[in-house]
Amino acid sequence: MTTTSPRSIRLDALAYGGDYNPDQWPESVWAEDARLMVEAGVNLVTLPVFSWPLLEPRPGEYDFAGLDRVIDLLWEHGIRIDLATATATPPAWLVREHPEVLPWNADGVRLEFGSRQSYCPSSPIFREAALRLTRTLAERYGAHPALALWHVSNEYGDHVSRCWCPESARHFRRWLQNRYQTIDGLNAAWGTSCWGQHYLDFEQIEPPRTATGPINPAELVDFERFSSDALLELFQAEIDVLREVTPDIAVTTNFMSMFRELDYWDFADAEDLVTDDAYPDPSDQDAHIAAALNYGLMRSLKDGRPWLLLEQAPSAVSWREVNVPKAPGQMRVGSMQALAHGSDGVLFFQWRQAKFGPEKFHSAMLGHRGERSRTFQETKALGAELKTLAPITGTRVRASVALVADWDSWWGVSEPESLPSVRLDWLREARAWHAAAYALGQPVDVARAAGPYGEHRVLLVPNLYATTTEQAAALTAFVEAGGQLVVGPFSGVVDHREQIHDGGAPGPLRDLLGVEVDEWWPLADGQIRSVAFDTSFATPGETHGVRVWSEWIEVAPRTEVLATYADGDLAGRPAVTRRASGAGAAWYLSAGLDSDGMRAVLAQVFAAADVPVAASIDTDLEVVTRTDGTTDYTFVLNHGRADRSAPPIPGGRDLLTGAPSDSAIALPAFGVAVIAHPAPADPAPARTIESELLQPTRRERP
Ligand code: GLA
């Protein structure tokens, strides 16, 4: 991140800090907060996220005295502000005066005030009040030198991502009218000739509240699109005010990693900086693998530009059933992982641990024990280390592999009532495919289904249930230009209206993949099936388990069959195929393969794309390179509790310790090295350096 480009964060260092809730503390504590923040290396603080009722205690009556003082105090200490528009939760006066602001659930029950985010995204009353506060804040603080970034609302969709109230119904109708123009257009798209759902007028349409039976799937998917758009409209409305009043200040809203409810491609387009809140579960030994995919999405949402980890927990959270703390060193390696994957800083929820409220058991940088708390000691140490990592600021991650994420498909395969199987979980599939690439040593970016695909040589498409002809054309062009495309089951099934493509799946991908799906054969619960690989694999004849899904497919003449079903009713039939096209190839996996099978296929794909594969598999060791084109910064991360050793990187030096990397890099439990070394002239050899690094020696602690 730099201070030069228009609307980038105003900070010329890696960001470090957290959410600060001074409202929850007597003012006498603030001076100590500022002093300890400086001691911890904090340079950016997020506030006042939930302070609307204090800032505007009565309609149109403002009190900024406290916020003025806290911002000035922080700025006197050199700390900048990620200034929230404070619109994440309306005050009680607003919802009591206008109860119609409260959201409804699908059963038509109004959700009561008393938690947070108690508003309907479509409410014009809420919007007007939120925009008034946003404008007032922007006018008051827009010229303050501490203002680094606008933080609009908070985690859109966190508690309320869909609303079924009468106001949402009106908004939904307007949205549908805009999409379909005429009611006949809607009837045709939704296929309302089925089950007698024909509409005469948009006024007859309600949001899909709980109904007598399965609801029209086209309506359900449109409601998902609409609901994402409704929150986006609200976001955009605040952005418009901010851009008008403070045109030079960058705008963000904090994302929630791989979040089904909102199409983050659209949200990222609207803002200046992508920020994410990441809460990997410390009790899940593989949480860092899913985190790597989340971070791949964050950097890809703006074409590889640095993003910012805006929240993470210093240790335990308070919202899981069991909230396990992070072991010593675990927060550090998790933070370094976010940096490795392109974040230009690390921030926490929150600065000082609460004394009351639903988050009093949530860890904070400054724990209940104050300076003596372990979290303070560890966050202070990390703050110091971040200063030594300053050279990585603004650099980008190199990746040859991208995974396609498409919200239409995600929404389509998660409607529960009309699919061949509800066991095909889009996110679980995406994570399984990503985990295989991760295990082979490759960081994975994320791409839109219609591209652009950048420099990527391999495209992974775990599922593209809804495929448009434009997407199919872009994927075909990718393959013809030399790319390796891998498509997973139940893809190319419907068009953008949720209607089955003529001739069946894989619809517009039929020629590219060279297969036709005759019928889907999802696995019954407990059913065990396998596939056998052919001689083109490293281990011909090897069988691998099938998860969740299989298909009866027919292959076209030029399509190679690489694996066949080994048992059950599909025994002997093709399971995995490849078809060359132009300079590349398109692979089709008709089955959900187990992790070994996925890795075996991807190893072949990577070989075809000239993307190196790790010599051995150790998923606790992760290697990711950021580069400015001249210098590479290779992060070597040990996510496990066993010591590890990585091969030398000649000519490099660890930014954290200053040690040369000419001999083996020793990594204790949760250890990290950040090796600065000259970037190779051609990006491809950079991958080889990473690959060579992936030769861990598994040495358990004595
Ligand atoms: C989210 C919210 C924060 C806080 C944290 C707790 O990220 O944005 O306000 O509630 O969760 O983990």
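This passage describes the ligand site, the nonpolar cores and the aromatic pairs of a predicted model.

The ligand is surrounded by F50, R116, N154, E155, D277, Y279, E311, W319, F349, E359 and H362. By residue class, this shell comprises five charged, four nonpolar and two polar residues. Polar side-chain atoms approach oxygen atoms of the ligand at several of these positions. For E155, a polar side-chain atom is 2.6 Å from a ligand oxygen, and for N154 the corresponding distance is 2.8 Å. In R116, an N or O atom of the side chain lies 2.9 Å from an oxygen atom of the ligand. The ligand taken alone exposes 300 Å², of which 97% is buried by the protein.

In soluble globular proteins, nonpolar side chains tend to be buried together. In the present model, the largest nonpolar core contains 175 residues. Within this core, the residues with the most contacts are L47, Y264, W351, L485 and L602. When neighbours within four places in sequence are left aside, the contacts of L602 are W433, A436, A437, L440, L460 and V486. Another core, of 16 residues, lies apart from the largest one. Its members include W175, I183, L186 and A218.

A pair of aromatic rings is described by the distance of the centres and the angle of the planes. The model contains 29 aromatic pairs. One of them joins W190 and Y199, with ring centres 6.2 Å apart and planes at 80 degrees to each other. This pair is classed as edge-to-face, because an angle over 60 degrees meets that criterion. Burial of the two partners was also examined. W190 has a relative accessible area of 4% and is therefore buried, the cut-off being under 20%. Y199, at 15%, is under the same cut-off and so is buried as well.

Aromatic residues also group into a cluster made up of Y156, F235, F255, F259, Y264, F267, W407, W410 and W426. Y264 thus appears in this aromatic cluster and among the residues with the most contacts inside the largest nonpolar core.

Definitions and conventions. Residues are numbered from 1 along each chain as its sequence is written. This is a predicted model: local features need pLDDT of at least 70, side-chain atom pairs count only at pLDDT 80 or more; totals for chains, interfaces and linings use all residues. Side-chain values use heavy atoms; hydrogens and water are left out. A residue is near a molecule or strand if one of its heavy atoms lies within 4 Å of it. A polar contact is a pair of N or O atoms within 3.5 Å; within protein, one must be able to donate a hydrogen and the other to accept it, and residues adjacent in sequence count only if both atoms are side-chain atoms. Accessible areas come from the Shrake-Rupley method with a 1.4 Å probe; for residues, only the protein chains shown count as cover. Ala, Val, Leu, Ile, Met, Phe, Trp, Tyr, Cys and Pro count as nonpolar, Asp, Glu, Lys and Arg as charged, and the others, Gly among them, as polar. A nonpolar core is a set of buried Ala, Val, Leu, Ile, Met, Phe, Trp, Tyr and Cys residues joined through side-chain atoms within 4.5 Å. Buried means under 20% relative accessible area, exposed over 50%, partly exposed in between (1.4 Å probe, protein chains only). Contact means heavy atoms within 4.5 Å. Rings of Phe, Tyr and Trp (its six-membered ring) pair if their centres lie within 6.5 Å; planes under 30 degrees apart count as stacked, over 60 as edge-to-face and the rest as tilted.
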